[in-house]
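Welcome! Here are a few exercises to work through with the sequence and the 3D view side by side. Try each task before reading its solution.

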Amino acid sequence: MSHSRDWSKIGVLLAALFIAGFFVSYTTDSLRVEFSQDDLMNCYRGWERPLGSLIGDNLLFWRFSPTFRPFCALIYKASHALFGFEMLPMRILLWLILAANSVLVYLVVRRLTNSIEAGLLGALLISYNRGFWALYLNTGTIYDIFCFFFYFWALAYYLRIRGKDRYPGPLQLLWIALLYIFSLDSKELGVSMPAAILFYELLFHTPRWRGLGGWLVREARAIWLTGVITFAYILGRVIGPDSISQQGGYAVKVSFAEYFKQLANYLGEIFYCAGWFNNWKALVLVCAMLLGVFVFRSRVLGFAWLFFTVGFLPMAFIPPRSPNAIYVPLAGIALYGAALLVEIREELMRLARLPQWKPAGQVLLFLALACFLIHIHTTIDDSLRAFQPEYDQIRRVREEYTQHHPTMKRGARILILKDPFKEYPWATIFITGLLYRDPAMYVERLELTEAKPDAAGLAAFDYIFTFEDDKLIELDHKYVAPPGLIQ
């Protein structure tokens with residue numbers, strides 16, 4: 001593996017500027033994202049949870065939280081308190097965090113490989129992928145984005161300490177633990193941290209049997225710490241009563257075939273060949289990656305292989321999501337790809353006996369990968385257009401409320417006869433609560449009410465609304481509903 005000093009400062013700067021330009025050119029449309037149905041639900045959960053309780057949920061990571069992922073609920077709550085329904089500030093924040101994630105991948109890859117070249121290639125590979133469209137267009141993926149951010153911040157910090165042949169002290173362990181807890185508070189995909197540190201220590205600081213006791217105390221201290229955190233987190237927040245595993249869409253089906261079925265689904269999206277991968281092709285790819293570890297006798301490739309295949313486990317046995325759900329383990333693919341390309345380049349130059357051309361070879365490799373990625377990747381503007389009707393409807397309903405009722409009675413009881421959101425039965429409740437910021441407000445949708453109210457029941461409501469083509473109409477309590485609407 002090439003050494004860091006092979007790249008000049010100007011070369012690093014130009015490559016970094018290219019990666020930044022590559023990321024910006026494909027993702028600036030993400031700043032035009034507005035409130036979606038997911039955001040209404042996520043923001044409402046964060047808004048209705050008291051601030052003190054949310055802070056406690058983040059620190060007491062083993063305790064059940066009704067928001068499930070309390071760090072991002074805190075972000076939603078802060079954003080709503082400061083900016084209301086204006087999404088641009090949060091979009092800018094997430095855009096910057098996504099950029100920071102590429103930097104963190106660079107740091108992790110560089111420290112594992114001791115190669116700036118590999119670090120730049122890894123950052124380029126992770127910086128943009130059309131399969132990650134949800135990361136750029138769905139603010140609900142804030143959970144994946146921050147989980148990745150804190151996870152790789154902790155890992156990069158740990159590798160920096162160990163790269164100097166030191167062990168993390170008490171304050172450093174505390175910082176690693178805090179970053180890891182925030183990663184778990186963002187999303188449960190971060191549970192692979194103890195395994196990642198274990199793989200690193202076994203591969204890069206392999207213990208000897210004679211000194212195993214000392215290794216367990218010194219090198220393994222971060223493994224013990226993150227392992228205890230993971231165990232407490234899984235028991236309390238992942239598999240405990242009312243935990244996320246008890247929610248719909250998280251039914252677990254464990255089998256060897258299921259692992260590769262889910263892997264094939266995700267790989268097809270990431271490699272732009274949806275439907276091409278099947279169980280056997282996914283197995284062949286994993287085996288080919290493992291073969292590369294032994295062919296090149298590379299600890300880095302071994303770490304990347306383990307990081308990806310083991311890190312994928314939390315998503316391997318539940319119904320599939322969009323590829324952003326495996327954002328963390330896919331960094332293992334970026335690491336593997338970057339390290340493999342450098343290994344191949346070095347082997348070719350060795351066979352050609354052209355060591356003096358190494359700097360030119362590094363530049364050519366970077367440019368070749370950059371041109372390939374530009375060629376295969378497409379923009380996200382078409383997906384943004386697909387979201388536009390959803391944005392428009394949410395905005396129209398908000399505007400109708402504020403136009404007809406800039407304020408409402410505190411603790412108001414509201415009955416909605418005809419709801420504008422047919423496919424999302426709770427959207428109107430979320431919008432009403434968030435718009436008027438009144439936790440005591442009660443909203444009932446007639447279409448979801450089995451026992452239709454009689455005249456006396458109608459009188460208990462302060463407001464009766466209906467929507468026609470997203471236009472709000474307020475009705476008098478003396479309104480006589482068509483047969484079947486009320487008793």
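**Exercise 1: A loop with an unusual residue**

Tyr272 is found in the loop between H13 and H14; helices (H or I, at least four residues) and strands (E, at least two) are DSSP runs, numbered from the N terminus. Before going on, note that this is a predicted model, in which local features need pLDDT of at least 70 and side-chain atom pairs count only at pLDDT 80 or more, while totals for chains, interfaces and linings use all residues. Residues are numbered from 1 along each chain as its sequence is written, and side-chain values use heavy atoms, with hydrogens and water left out.

Task: Find the sign of phi at Tyr272, and decide how exposed Tyr272 is.

Solution.
- Step 1: Although Tyr272 is not a glycine, its phi is positive, about 60 degrees.
- Step 2: Most residues other than glycine have a negative phi.
- Step 3: Tyr272 has 32% relative accessibility, so it counts as partly exposed. The classes are buried (under 20% relative accessible area), exposed (over 50%) and partly exposed in between, with a 1.4 Å probe and protein chains only.

**Exercise 2: Another residue in that loop**

Task: Is Ala274 buried or exposed, and which residues does Ala274 touch, not counting those up to four places away in sequence?

Solution.
- Step 1: Locate Ala274 in the loop between helix H13 (256-270) and helix H14 (279-295).
- Step 2: Its relative accessible area is 58%, so Ala274 is exposed.
- Step 3: With that sequence limit, Ala274 touches Gly268 and Glu269, where contact means heavy atoms within 4.5 Å.
- Step 4: Now compare sequence with space: Ala274 and Val293 are 19 residues apart in sequence and 27 Å apart C-alpha to C-alpha.

**Exercise 3: A positive phi between strands**

Task: Where is Asp470 found, and is Asp470 buried or exposed?

Solution.
- Step 1: Asp470 sits in the loop between strand E3 (463-468) and strand E4 (471-474).
- Step 2: Its relative accessible area is 12%, so Asp470 is buried.
- Step 3: Asp470 is not a glycine, yet its phi is positive, about 65 degrees.

**Exercise 4: Checking a helix**

Task: How far does helix H4 reach from its first C-alpha to its last?

Solution.
- Step 1: Helix H4 (residues 70-83) has 14 residues.
- Step 2: The expected span of a helix is 1.5 Å times one less than its number of residues.
- Step 3: H4 reaches 20 Å, close to the 20 Å expected.
- Step 4: Buried residues in H4 include Phe71, Ile75 and Tyr76.
- Step 5: Just after H4 comes Gly84, with a positive phi of about 65 degrees.

**Exercise 5: Into the core**

Task: Which residues touch the most other members of the largest nonpolar core?

Solution.
- Step 1: A nonpolar core is a set of buried Ala, Val, Leu, Ile, Met, Phe, Trp, Tyr and Cys residues joined through side-chain atoms within 4.5 Å.
- Step 2: Among the 154 residues of the largest core, the answer is Phe152 and Tyr401.
- Step 3: Helix H8 (residues 142-163) gives this core its largest share, 17 residues.
- Step 4: Beyond neighbours within four places in sequence, Phe152 is in contact with Leu104, Val108, Phe307, Val328 and Ala331.
- Step 5: There is also a second, separate core of 7 residues, among them Leu446 and Phe461.

**Exercise 6: The whole protein**

Task: How many helices and strands does the protein have?

Solution.
- Step 1: There are 21 helices and 4 strands.
- Step 2: Of the 487 residues, 54% are buried.
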